[in-house]
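Here is a short report on one protein chain. It moves from the open spaces in the fold to the strands and helices around them.

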Amino acid sequence: MELKKIITRLIMGVMPFTACTKDKVQPENIYAKTGIAAVVNSNFSLSLCKYALLTTHYNDTLSKPGPYTLLGPSNDAFTAAGWPSGAAIIRASDSLQAMMPYHFIRAAIKMDSLPLAFNQPLMAGNGQPLYVTHWVNSRDTAVVVNGVRVSTLDKPAANGLVNITDGILNPIVYNDVQQAVSGDPSLSMFNAAIIKSGLAPDYNNGGPYTVFAPVNTAFNAIGIMTVDSIYKMDAATLQKIVKAHIATGRNFIYDYILKADVTTNTYQEHMLSGAISTITLVADPVRQGRFSGIILQTASSANVSISRKNILAGNGVVHSISGLLNQ
């Protein structure tokens, strides 16, 4: 019994010494204390982003030397995406696992120091491109990533920079714009028009393109009720319809807000059919002097609104619209 007590005391005496020795040889991880993950942890506007980084373990990545640039969605961004609490984010960990590496860059990039240009490609942590617009006009100075405004820029951390975005950034899941159209059941009639017109190979390749894809109800409104009806139509007629809804270039909705004439709040977009669609900015009902979206109109069509925006594909971006644009 006495021997047992002595052994116990010896062990207890050695343990602190061992711990001290270990502390001396282990360098202090300053990045865990003052790096990007620590900055996120201390910022109330990023409290839901903190949960997203923790549940996907990218908190550990952003506690390393880096450098990194984080594009952290605000609490409002997570709430708008359907994740209003830490518990909701933890339940969505599988979805977020693929999403969160698209929210940082493996380099220190000062967003506010980028050239004044539209959709400059930068490589995200998952190996996919992010498209960053830095633009100044007489009423606004903006940095926008994939059509999402960056509200807080270039906050420093020991291992890089932290930015706060007004929305979630969704990784690219479609190789091309035609695949993006085919992936949305509400666009099945426009997808049939692309296929029957013979233009699908054009939009599987080349680009970039901006597609304003009419939803099925837009076709119903002009008496075309089914996908089968589309396949019975003349290919040349369908080509005119399809080309009237596609423009060259990769344009997110916020790009049009920045490109629009500051006096008229309009922009003239040239479609592949040769038609011109007038894009008019929609005033933000909450933020005075800002704009929340756009509507489109051709010379002979009524106003057409955007029902779904900024669906990014490998060779462009797709927006769903409420009506057909006259060709």
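The lining of the largest pocket divides by class into 17 nonpolar, 12 polar and 7 charged residues. This is a predicted model, and the pocket has a volume of about 1000 Å³. It is lined by 36 residues, and those closest to its centre are Val 148, Asp 166, Gly 167, Ile 168 and Lys 309. Several elements each give at least two residues to this lining: helix H6 (75-80), E6, helix H15 (253-259), E12 and E13. Strand E13 gives the largest share, 5 residues.

How much can the model be trusted along the chain? The mean pLDDT is 88, and 90% of the residues reach 70 or more. Residues 1-26 are below 50, and beyond near neighbours in sequence this stretch has 0 contacts in the model.

**Cavity and His 319**

The structure also holds 1 cavity of 30 Å³ or more. The space in it is about 30 Å³. Its lining consists of Ala 180, Asp 184, Leu 187, Arg 308, Ile 311, Val 318, His 319 and Ser 320. By class, that makes 4 nonpolar, 2 polar and 2 charged residues. Strands E13 and E14 each supply at least two of the lining residues. The largest share, 3 residues, is from E14.

Is His 319, one of the cavity-lining residues, buried or exposed? His 319 sits in strand E14 (residues 316-321). Its relative accessibility is 0%, so it counts as buried. Leaving aside residues up to four places away in sequence, His 319 touches Thr 210, Val 211, Phe 212 and Ala 213, along with Asn 251, Phe 252 and Ile 253. Its other contacts under that rule are Ile 306, Arg 308, Lys 309 and Asn 310. Of these, Arg 308 also lines the cavity, while Lys 309 is among the residues closest to the centre of the pocket.

**Strand pairing**

Strands of a sheet pair through backbone hydrogen bonds, either parallel or antiparallel. Three antiparallel pairs are listed here.

| Strand pair | Sense | Bridges |
|---|---|---|
| E6 (residues 148-157) and E7 (residues 160-165) | antiparallel | 5 bridges |
| E11 (residues 276-283) and E12 (residues 291-297) | antiparallel | 6 bridges |
| E12 and E13 (residues 304-313) | antiparallel | 2 bridges |

Strands E6 and E7 belong to an open sheet of 7 strands, in the order E2-E1-E7-E6-E5-E4-E3. The pairing in that sheet is mixed. Its edge strands are E2 (104-105) and E3 (117-123), and each pairs on one side only. Within the E6 and E7 pair, Thr 152 stands opposite Ile 164 in E7.

Which residue in E12 is the bridge partner of Ile 279? The partner is Leu 296. Leu 296 also stands opposite Val 304 in E13.

**Helix H4**

Helix H4 spans residues 47-56, and its buried residues are Leu 48, Cys 49, Ala 52, Leu 53, Thr 55 and Thr 56. What covers them? The cover includes helix H3 (36-42), helix H5 (58-61) and strand E1 (68-73). It also includes H6, helix H7 (86-91) and helix H8 (93-99). H6 thus appears twice in this report: it helps cover H4, and it supplies at least two residues of the pocket lining. E1 likewise has a second role, as a strand of the open sheet. Right after H4 comes His 57, whose phi is positive, near 70°.

Conventions. Residues are numbered from 1 along each chain as its sequence is written. This is a predicted model: local features need pLDDT of at least 70, side-chain atom pairs count only at pLDDT 80 or more; totals for chains, interfaces and linings use all residues. Side-chain values use heavy atoms; hydrogens and water are left out. Two strands pair if DSSP finds at least two bridges between them. Helices (H or I, at least four residues) and strands (E, at least two) are DSSP runs, numbered from the N terminus. Buried means under 20% relative accessible area, exposed over 50%, partly exposed in between (1.4 Å probe, protein chains only). Contact means heavy atoms within 4.5 Å. pLDDT is the predictor's confidence in each residue, from 0 to 100. On a 1 Å grid over the protein atoms alone, a cavity is a set of points where a 1.4 Å probe fits but cannot get out, and a pocket is an open set with protein on both sides within 12 Å along at least five of seven lines; lining residues have an atom within 4 Å of a point. Grid points are joined across faces, edges and corners, and a volume is the space filled by probe spheres set on the points. Ala, Val, Leu, Ile, Met, Phe, Trp, Tyr, Cys and Pro count as nonpolar, Asp, Glu, Lys and Arg as charged, and the others, Gly among them, as polar.
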